[in-house]
Amino acid sequence: MEGQPEEDESDEEEEKSTDVVPKRKLTKREINANYRKRRKLGVQPGKLEKVDKEKEAEKESAEERRLAVMMIPKKKRHLFKKMTYGKRRKIRVVEALKSKREAYEKDQGKKSKVSENTSVETR
């Protein structure tokens, strides 16, 4: 029994020795840096958020569509997803063709201008 209190006392001494850490003085630079950090944490005036009614309505309708799709039974939802995928794929193809057409027309416009300039110089 006498051995147990001695161990407790030695444990307490070790804990005290590890807790005591000598504090050093802060330099003026460190004090100023800490002051600036604390100063930034104050309350700042609020800013009004511009609300775009069109975007807000669009978000709301998209949310309604998403919720409506969730209510569709599983079998029919799969068919619905296939149909919407087909529509989106067609739209993507049309957009790709439009961009190709625009690039082609720009290229043809440059070639026609170059050919007009060369034909005038050869006369």
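1. Read from the N terminus onward, this predicted model has the pattern α-α-α-α. The protein holds four helices and zero strands. Helix α1 covers residues 3-19 and helix α3 residues 53-71, while helix α4 takes in residues 74-122.

2. Confidence should be checked element by element. The mean pLDDT of the protein is 80, and 70% of the residues reach 70 or more. Among the elements, helix α3 has the highest mean pLDDT, at 95. The lowest mean belongs to helix α1, at 54.

3. On burial, the figure is 1% of the 123 residues in the protein. The exposed area comes to about 13,400 Å², and 55% of that area is supplied by carbon and sulfur atoms.

4. A nonpolar patch lies on the surface, made of Leu79, Phe80 and Met83. Together these residues have about 280 Å² of accessible area. Leu79 is part of helix α4.

5. A positive patch is also present on the surface, formed by Arg88, Arg89, Lys90 and Arg92. Of its members, Arg89 can be placed in helix α4.

6. Is Arg89 buried, partly exposed or exposed? Its relative accessibility is 41%. Partly exposed covers the range between 20% and 50%, so Arg89 is classed as partly exposed.

7. To recap for helix α4: Leu79 of the nonpolar patch sits in this helix, and so does Arg89 of the positive patch.

How values were computed. Residues are numbered from 1 along each chain as its sequence is written. This is a predicted model: local features need pLDDT of at least 70, side-chain atom pairs count only at pLDDT 80 or more; totals for chains, interfaces and linings use all residues. Side-chain values use heavy atoms; hydrogens and water are left out. Helices (H or I, at least four residues) and strands (E, at least two) are DSSP runs, numbered from the N terminus. Buried means under 20% relative accessible area, exposed over 50%, partly exposed in between (1.4 Å probe, protein chains only). Accessible areas come from the Shrake-Rupley method with a 1.4 Å probe; for residues, only the protein chains shown count as cover. Patches are made of residues with over 30% relative accessible area and no salt bridge: like charges are joined within 9 Å, nonpolar side chains (Val, Leu, Ile, Met, Phe, Trp, Tyr) within 5 Å. A salt bridge is a side-chain nitrogen of Lys or Arg within 4 Å of a carboxyl oxygen of Asp or Glu. Lys and Arg count as positive and Asp and Glu as negative; His and the chain ends are not counted. The place of a charge is taken as NZ of Lys, CZ of Arg, CG of Asp or CD of Glu. pLDDT is the predictor's confidence in each residue, from 0 to 100.
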